[in-house]
Every structure is written in structure tokens, then in C-alpha cells.
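Please walk through this model one element at a time. Keep the viewer open as you read.

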Amino acid sequence: MSTTNTKNRRWASFSLATFFFVSLSIGAIIAGYQAGYRRGYNSGQVQLYNETPVTETYSTSLVVGDDLSAQERADAVASLKDLITSTIRTDIWSATLGNDIRDFPANQSLIITAPGSAQKEIRELFNQLEQLATRESADDLLPALQGLASQGKTTDWIVPIETSKNSAKSGAYLERYFNATVSGLTKHWGCPRFHGDCREAGFPAWSLDQQIATWPRGAGISYVALRITDDGQLRLVSGFHGGS
């Protein structure tokens, strides 16, 4: 075998290895560039969506109900609109900004134009309202209530619920939530010993609440209640009272 042929094979081998190395390097550079581009593009798209007014459709069939008269539905939708504008981005609903909420009774929906960031909050509000409308259990409160009862100590806590800044609508929303929670607990614990407001006979003497539902549990009473707290706001409260 001649020296020239050997050199040629070595050169060919070296060239092929170099070619693969360069190809892989270029591929890695391109892949890194593409990944960076996609991240930047996606980030830009998210920012663009958050800042740009977009129009989205929201079904009201669960939130408002589909068995109301025309006037009842109109009143319910007006309350829903007010809940949205008084709770979410209160600064964007000026007529001059182009954001609005339009009702389409025929297909039981609201067509809402607002920045994408506001649309995210509106979707979350609708999710919360729909969960409330279909609420049939109190499984989210049961572990805490059972834990308090097992300790046997008189204590309570405020259930964190986002509500409208309008006190009347906030009160109506919380009362609905309270009654749904009582219904859910009743399925687990049976009918409450007492379920009513502070003006009714049998209202627990130890309670300073507006409304309350109580169940004998362990050596005391488990309860959910509506209470006006020190800040003057109506709140949903859940707790345990030691003793009868």
C-alpha cells in the first residue's frame, strides 16, 4: 500500500469526522437559536395577549340559569355584569376604552371585549360561579371541620372567598354559597340541629353570627355561619364550639 493512498484514506476519514462534528455543532446552534426564538416568541405572544383587547364568549347557562323568565334573566345578567365590572379591573370599563360586555339571550352567553389579562380573571370568576351553581358537596371543608371537632377546642376560621366589592351583591353571593355548603354538609352529617338566622327561635346563644347551621360532632358543635367581622364585611365562617 502506497503512502499516498494511506494519506488519502486518513484525509477522507478526518474530513468525514470533521464534517459530522461541524454538522452537529451547527445543528446545536440552530436548535438553541430556535428554542430561544420560540421562548421569546411565546413570551411576546403572552404579553401581546395580556395587553390587547380580545373578544371571548362566556356561557351563562350555569351561572344565571336557563329556566328564568325574560325579566328575571335580564335582572340576573345585569347583576352578573355589575359583579364583573366591580370586581375585575375596575379601571378598564370606561366606554372610551372600547371594552364592553354584551348579552346574547338567544344563546345564553355574554360576549366580552377586554384585555387578555382581564379575560383570565373573568374566566376564573366564571369557574368559581359555575362551581358554586353546581355545588353538591362540602368535601373541601370537611377535613378542616373534622379536625377541629377532634381537637375539641372552640375555634373558627374565615373561609377565603373572593366576592364583589358591592356589599349587596357580596351578601347575596355569600348567602348562596352558605346555603350550598349547608346542603353539602347535610349529605354527610344529616340535617343540621339548627339552620337559620339570629332572629329565629333556637339560634345558639353563644353565636354572634347572622346565620348559622350546626351539627353535633364529638363533644361539641361543628358549624358554618355568615358573620360580620371586625372590618365590617360579611364573611363565611366555619368552626367548632366546645359544649352543647
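What follows covers the paired strands, then the nonpolar cores, then the largest pocket. Keep in mind that the model is predicted.

Start with strand β3, residues 109-115. It pairs with strand β2, residues 100-104, through five bridges. The two strands run antiparallel. Within this pairing, arginine 102 stands opposite isoleucine 111 of β3. Four residues lie between the strands of this hairpin. Glutamine 108 in the hairpin takes a positive phi near 50°.

Strand β3 also pairs with strand β1, residues 53-59. Seven bridges join β1 and β3, and this pairing is antiparallel as well. One point to find in the viewer is serine 59, whose bridge partner in β3 is serine 109.

Is β3 enclosed or open? Buried here means under 20% relative accessible area. Seven of the seven residues of β3 meet that cut-off, so the strand is largely enclosed by the rest of the structure. As for side chains, in a regular strand they alternate between the two faces of the sheet.

Now turn to the nonpolar interior. The largest nonpolar core holds 36 residues. Leu80, Ile84 and Ile112 touch the most other members. Helices α2, α3 (116-133), α4 (142-151) and α5 are among the elements that each supply at least two residues of this core. Strands β3, β6 (211-217) and β7 (220-228) each supply at least two as well. Which element gives the largest share? It is α5, with seven residues.

Leucine 80 deserves a closer look. Setting aside residues up to four places away in sequence, leucine 80 touches Thr60, Val63 and Val64. Leu110, Phe126 and Leu129 are also among its contacts.

There is a second, separate core of five residues. Its members include Phe194, Phe203, Ile212 and Tyr223.

Finish with the largest pocket. About 330 Å³ of space lies in it. Eleven residues line this pocket. The closest to its centre are Ala76, Ser79, Leu80, Leu83 and Arg176. Which elements give two or more residues to the lining? They are α2 (70-87) and α5 (167-189). By class, the lining has eight nonpolar, one polar and two charged residues.

Leu80 links these last two topics. It is among the residues closest to the pocket centre, and it is also among the core residues that touch the most other members.

Methods
Residues are numbered from 1 along each chain as its sequence is written. This is a predicted model: local features need pLDDT of at least 70, side-chain atom pairs count only at pLDDT 80 or more; totals for chains, interfaces and linings use all residues. Side-chain values use heavy atoms; hydrogens and water are left out. Two strands pair if DSSP finds at least two bridges between them. On a 1 Å grid over the protein atoms alone, a cavity is a set of points where a 1.4 Å probe fits but cannot get out, and a pocket is an open set with protein on both sides within 12 Å along at least five of seven lines; lining residues have an atom within 4 Å of a point. Grid points are joined across faces, edges and corners, and a volume is the space filled by probe spheres set on the points. Ala, Val, Leu, Ile, Met, Phe, Trp, Tyr, Cys and Pro count as nonpolar, Asp, Glu, Lys and Arg as charged, and the others, Gly among them, as polar. A nonpolar core is a set of buried Ala, Val, Leu, Ile, Met, Phe, Trp, Tyr and Cys residues joined through side-chain atoms within 4.5 Å. Buried means under 20% relative accessible area, exposed over 50%, partly exposed in between (1.4 Å probe, protein chains only). Contact means heavy atoms within 4.5 Å.
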